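Thanks for coming, everyone. I'll keep this brief. Please have a look at the model on the screen.

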Amino acid sequence: MSDPEELRVLHVFDHSIPLHSGYSFRSRYIYEVERSMGLRVEAVTSARHDVHQAPVEEIDGLRFHRTERPSGALDRLQLKLPFWRERILTGAMAARVEEVARDFRPHLLHAHSPFFDGQAALAVGRKLDLPVFYEIRAFWEDDAVDKGKFGEGGFVYRQVKRLETEVARDATRLVCICEGLKRDMIARGIPEEKILVSKNGVEVETFRPREKDPALERKFGLEGKRVLGFIGSFFVYEGLDDLVASAARLRAAGRDDFVLLLIGGGDAEPKVREAVARHGMEDRVVMPGRVPHQEIQDHYALIDTFVYPRTRSRLTELTTPLKPLEAMAMERCVIGSDVGGIRELLDECEVGASFRAGDAEDMDRVLAASLDRSLEDLREEGRRGRVNVARVRSWRGNLEPIVAAYREVLGRSPRPPAGRPKSAVL
C-alpha cells in the first residue's frame with residue numbers, strides 16, 4: 001500500500017447516527033477524520049440499529065449500509081434459547097458485511113464493540129482473506145452487569161468474557177479506547193505489541209468557547225445563577241441520582257445560588273426524575289431531554305462546571321467518556337468521581353477536581369468548592385483545559401497511529417496468516 005488514496009476501509013458498527021450516544025458520535029468522528037486523511041471509507045451497522053428507513057442511508061454526507069432485522073427467525077425462537085437471538089443477529093450482520101465488502105472491495109475491515117460485530121467481521125475476513133481490526137470501547141459483559149441483565153462472575157458473564165477474548169485474539173490488530181481496557185486485555189493474554197490505543201477525542205474547531213445565549217438562559221430559568229451540569233446518556237452508572245441528592249444537601253445547607261442542568265436521556269431517566277421529586281428539587285433541576293447535535297454547543301456554553309459523578313464498577317474503572325472532553329474544548333471546568341475512566345481524562349488534561357466515588361460527603365465538598373470559585377477563576381482553568389485537550393486529545397492525532405497500522409499490516413502482509421484459530425460465533 002504505497003498510495004494512501006488507495007486505502008479502502010469498511011467499518012462495522014453496532015449503531016450510528018442519527019441515534020445519539022457516545023458510541024455513535026465516536027463512530028462519526030472516526031468516519032469523518034479517516035476520510036479527511038485520504039482514505040475511502042464506508043460502514044455497515046448491525047441489526048440492532050433498527051430505526052433506519054432504507055438499506056443504505058446517507059447522513060451528513062456519510063454512507064451507512066443497514067442490516068435488516070431477521071424478525072421471522074427471531075419470532076420463531078420466542079426468545080427462549082440463551083444466545084440464539086444474538087447468534088441469528090450476528091449471522092445476519094456477517095451476511096450484510098460480506099455483501100457490502102464484495103461490492104466496495106475494502107483492503108481491510110475495522111469492527112467495533114460489541115464483540116458480536118467482531119465475530120461477524122472475522123467470519124467475513126476469513127472468507128475474503130481480509131485483515132480485521134477489532135476495537136473495544138467497553139466490555140459488553142460489564143455493561144450488562146451494570147444494567148442488571150446478569151451478575152458479575154456468573155456463567156453467562158464468563159462465557160461472554162471468553163468470547164470477547166477470542167475475538168481479540170483472532171483479530172489482526174486490537175484497538176482499545178483507553179489504557180484501562182488495554183491493561184485488561186494484556187492480563188487476558190493478548191500480546192501488548194498487538195494492541196493499539198486510540199482514545200476518545202474532540203473536534204476543537206467545532207467545540208469552541210462561546211458566550212451564553214440569553215434566550216436559552218431565560219428559557220431554562222438560569223439568569224443570575226451558577227450552573228452545574230451534565231451532558232450525556234442517562235445510564236445508572238453515571239450516578240445522576242447521587243448528584244441530585246448532593247445538590248439537595250447543598251441547598252439545605254444554605255446554598256441557593258445554583259441550578260443543576262441535566263441534558264440527555266436514557267434508561268436511568270425515570271430514576272433521576274424520581275430523585276428530583278423525592279428531594280423536592282423541581283425548582284433547582286432542569287432536564288430538557290436530548291438536544292439536536294447542531295444545537296449542543298449552545299447548551300454546553302450554559303454550564304459553568306460540568307459534573308460526572310460516575311459510580312464505581314468495572315465498566316467505569318476501565319472506560320472513558322467522550323462528553324467531558326467536549327466540555328474542556330469549550331473552556332468549561334470539569335469535576336467528577338475518582339473512577340479510572342474519569343481520572344484518566346482529568347490527569348491527562350491536567351485540569352479539574354475529583355471526589356471519592358460513593359462518598360456523599362466528599363462529593364458535597366467538591367461541589368461546594370466549585371461554587372465558591374470566581375467565574376474568572378473558572379474561565380482561567382477552562383482556557384488551560386482547552387489548550388491541553390487540543391494537545392493530547394485531537395481526533396486526528398488519535399487516529400494517525402491506527403491509519404499507520406492499517407498501512408503497516410497491508411504493506412507487510414496483505415492477507416491474514418493462514419490457519420489462524422477461529423473464534424467461536426454465538
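I'll go from the overall fold to the cysteines, the rings, one helix and then some backbone details.

First, a caution. This is a predicted model. Everything I quote is computed from it.

Let's start with the whole chain. The protein has 17 helices and 14 strands. How does its radius of gyration fit with a compact globule? For 426 residues, a compact globule would come out near 22 Å, and the protein has 22 Å, so the two agree. Along the principal axes, the C-alpha atoms fill a box of roughly 70 × 50 × 45 Å. Buried residues account for 58% of the 426. Now the contacts. Take those with a separation of 6 or more: 74% of them join residues 24 or more positions apart. The accessible surface is about 17,600 Å², and carbon and sulfur atoms contribute 49% of that.

Next, the cysteines. How many disulfides does the structure hold? The count is 0. Look at Cys176 and Cys178. Why is there no bond for the sulfur of Cys176? Its closest cysteine sulfur is in Cys178, 7.4 Å away, and that is too far for a bond. A disulfide needs the sulfur atoms within 2.5 Å. Turn it around and the answer holds: for Cys178 the closest cysteine sulfur is that of Cys176, at 7.4 Å, again too far. Are these cysteines buried or exposed? Cys176 is buried, at 0% relative accessibility. Cys178 is buried too, with a relative accessible area of 0%.

On to the aromatic rings. A search of the whole structure turns up 12 aromatic pairs. One of them is Phe116 with Trp140, an edge-to-face pair. The centres are 5.4 Å apart and the planes meet at 80°. This pair links distant parts of the chain. Phe116 belongs to helix H4, residues 115-128, and Trp140 to helix H5, residues 140-146. They are 24 residues apart. Both Phe116 and Trp140 are buried.

Now a stacked example. Why do we call Phe306 and Tyr308 stacked? Their ring centres are 6.5 Å apart and their planes are at 5°, so the pair counts as stacked. Phe306 is buried at 0% relative accessibility. Tyr308 is buried as well, at 2%. These two rings also sit in a cluster. Ring pairs link them with Phe207, Phe230, Phe234 and Tyr300.

Two arginines meet rings as well. Arg137 lies over the face of Tyr23, 4.1 Å from the ring centre. The charged end of Arg188 sits over the ring of Phe139, at 4.3 Å from its centre.

Now helix H7, residues 179-187. Which of its residues are buried? They are Gly180, Leu181, Lys182, Asp184 and Met185. Note that the list includes a lysine, Lys182, and an aspartate, Asp184. And what do the buried residues of H7 pack against? Three strands are on the list: S6 (132-136), S7 (173-176) and S8 (195-197). So are three helices: H6 (155-170), H12 (314-318) and H14 (340-349). After H7 comes Gly189, with a positive phi near 100°.

There is a buried aspartate elsewhere too. Asp241 is in helix H9, residues 240-252. Its relative accessible area is 16%, so Asp241 counts as buried. Beyond its neighbours within four places in sequence, Asp241 contacts Lys271, Val272 and Ala275.

Last topic: the backbone. Most residues other than glycine have a negative phi, and most peptide bonds are trans. Here are some exceptions. The bond from Ile17 to Pro18 is cis, with omega near 15°. Pro18 is in the loop between strand S1 (8-13) and helix H1 (22-36). Ser113 and Pro114 are also joined by a cis peptide bond, with omega about 5°. Pro114 is in the loop between strand S5 (108-112) and H4.

Then two aspartates with positive phi. For Asp60, phi is near 50°. Asp60 lies in the loop between strand S3 (56-59) and strand S4 (62-66). Asp60 is exposed, at 53% relative accessibility. For Asp129, phi is about 55°. That residue, Asp129, is in the loop between H4 and S6. Asp129 is partly exposed, at 34%.

That's the tour. I'm happy to take questions.

Notes. Residues numbered from 1 in each chain as written. Predicted model: local features only at pLDDT ≥ 70, side-chain atom pairs only at ≥ 80, totals over all residues. Heavy atoms only, no water. Buried < 20%, exposed > 50% of the residue type's maximum accessible area, 1.4 Å probe, protein only. Phe/Tyr/Trp six-rings, centres within 6.5 Å; stacked < 30°, edge-to-face > 60°. Helix = DSSP H or I, 4+ residues; strand = E, 2+ residues; numbered from the N terminus. Lys NZ or Arg CZ within 6 Å of the ring centre and 35° of its normal. Rg over C-alpha atoms; globule rule 2.2 N^0.38 Å. Contact = heavy atoms within 4.5 Å. Areas by Shrake-Rupley, 256 points an atom, 1.4 Å probe, with all protein chains shown as cover.
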